Amino acid sequence: MEITSKSKAANKLKRKNTLTALSFIAPNFIGFFLFTLVPVVFSLILAFMEWDSFSSPEFVGMKNFSKMLGDDTFWISLKNTFLYTIGVVPLTLVCSLGLAILLNKKVRGMKFFRTAFFFPYVTSLVAIAVVWNMLFHPTMGPINQFLKFFIENPPGWTSSSDWALTAIIIVSVWRGMGYYMILYLAGLQSVPKELYEAASIDGANKWQQFRNVTFPSLRPTTFFVSIMLVINCFKIFDLVQVMTAGGPGRATNVLVYQIYNEAFVKFNFGYASAIAMVLFVIVLGITVIQFKWNQRQERV
């Protein structure tokens, strides 16, 4: 009888603990279901339909996808997205790693500099874009005022179709390198000092230590940073919206900005969803390639 009562008490406690655990994780799962999973599934269905949010959805099969083949704006947006990614990813990797190496040493004011470089990442992106637009002003901006000492006709930056995307790349790298610097700092501090001591005894200089000790040890960090950078680059929207609004012309029109225009300006939700699905497949494909490459490198 005593064993039965103890068993019942244990089961009651177990149920109570389970309910407590579920009460903590339920809000997150409910939020994910309502605001992520349902919209994703709805978007997938909409990709095969024509809908302007005012009339009933009409099934059109692959029409939205075939429409992309002859849509110049889609191909320009795709090209700009790839150019932006190619520009931002390697530059951010190099800058963040360089900053991490510099600030991994015991120097005076180290905490201040770490905070200063990280601060842009947590600052309002709208504020950052507005300030950089003033800095990039073709005639009154301080950047061009400085460049006039060296070149007669400085770039037009955000007002030039040739330089607008470059300006956005510069701002993106400046804003993001502080965050990825923190990740690299964590990776650097996990590298055993014994490896550097052994390399130094073997006569390795600083560059050889970096190439043969530091960089290989940071491979997991670099892999994670590159994955996050690629995903974030393909999602770029807010900086483009505030700084250039996709212009001049279509010089900075990227895929997410086109999705926004198709959905919320032209009310062509079916076509916007189809572009979103293509974007998803591209990002998924690149991520899979990165994982395969990383696995191959680990086996070498």
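So, how many aromatic pairs does the structure hold? The answer is 24. Before I go on, please keep in mind that this is a predicted model.

Let me pick one of those pairs, Trp-132 with Trp-174. The two rings meet edge-to-face, at 5.5 Å centre to centre and with 65 degrees between their planes. Trp-132 belongs to helix H5, residues 125-135, and Trp-174 to helix H7, residues 164-189, so this pair ties together parts that are 42 residues apart in sequence. And are these two buried or exposed? Trp-132 is buried, at 13% relative accessible area. Trp-174 is partly exposed, at 33%.

Then there's the aromatic cluster. Phe-42, Trp-51, Phe-54, Phe-237, Tyr-257, Tyr-260, Phe-264, Phe-267 and Phe-269 form one cluster. If you have the model open, colour those nine up and have a look.

Rings also come with charges here. Which residue lies over the face of Tyr-271? That's Lys-67, at 4.3 Å from the ring centre. Arg-175 does something along those lines with Tyr-121: its charged end sits over that ring, 5.2 Å from the centre.

Okay, on to the overall layout. The UniProt record, an unreviewed entry, carries the annotation "domain: ABC transmembrane type-1" over residues 78-290. Across residues 78-290 in our model, the chain is 74% helix and 0% strand. The C-alpha atoms at the two ends of that stretch are 20 Å apart.

Now some helix packing. We describe two packed helices by the angle between their axes and by the distance between those axes. For helix H3, residues 72-103, against helix H10, residues 219-234, the angle is about 150 degrees and the axes are 9 Å apart. That makes H3 roughly antiparallel to H10, because the cut-off for that label is anything over 145 degrees. As for handedness, H3 passes H10 in a right-handed crossing.

Two distances along the fold, while we're at it. Gln-189 is in helix H7, and it is exposed, with 52% relative accessible area. Its C-alpha atom is 10.0 Å from that of Ala-100, although the two residues are 89 apart along the chain. Then take Met-110, in helix H4, residues 110-122. Met-110 counts as buried, at 18% relative accessibility. Between the C-alpha atoms of Met-110 and Trp-157 there are 33 Å, with 47 residues of separation along the chain.

Last topic: backbone oddities. Where is the cis peptide bond? It runs from Gly-247 to Pro-248, with omega near -5 degrees. Pro-248 is in the loop between helix H11, 238-243, and helix H12, 255-265. That loop between H11 and H12 also holds Ala-245. Ala-245 has phi near 55 degrees, a positive value in a residue other than glycine. It counts as partly exposed, at 43% relative accessibility.

Ser-53 also has a positive phi, near 75 degrees, and again the residue is not glycine. You'll find Ser-53 in the loop between strand E1, 49-50, and strand E2, 58-59. At 32% relative accessibility, Ser-53 is partly exposed.

That's my tour. If you want one thing to click on first, I'd go for Trp-132 and Trp-174, the edge-to-face pair.

Notes. Residues numbered from 1 in each chain as written. Predicted model: local features only at pLDDT ≥ 70, side-chain atom pairs only at ≥ 80, totals over all residues. Heavy atoms only, no water. Phe/Tyr/Trp six-rings, centres within 6.5 Å; stacked < 30°, edge-to-face > 60°. Helix = DSSP H or I, 4+ residues; strand = E, 2+ residues; numbered from the N terminus. Buried < 20%, exposed > 50% of the residue type's maximum accessible area, 1.4 Å probe, protein only. Lys NZ or Arg CZ within 6 Å of the ring centre and 35° of its normal. UniProt positions renumbered as here; feature names shortened; annotations may be inferred. Axes fitted to C-alpha atoms, helices over the stretch in contact; angles between N-to-C directions. Parallel < 35°, antiparallel > 145°, perpendicular 65-115°, else oblique. Left-handed = near helix turned anticlockwise from the far one by under 90°.
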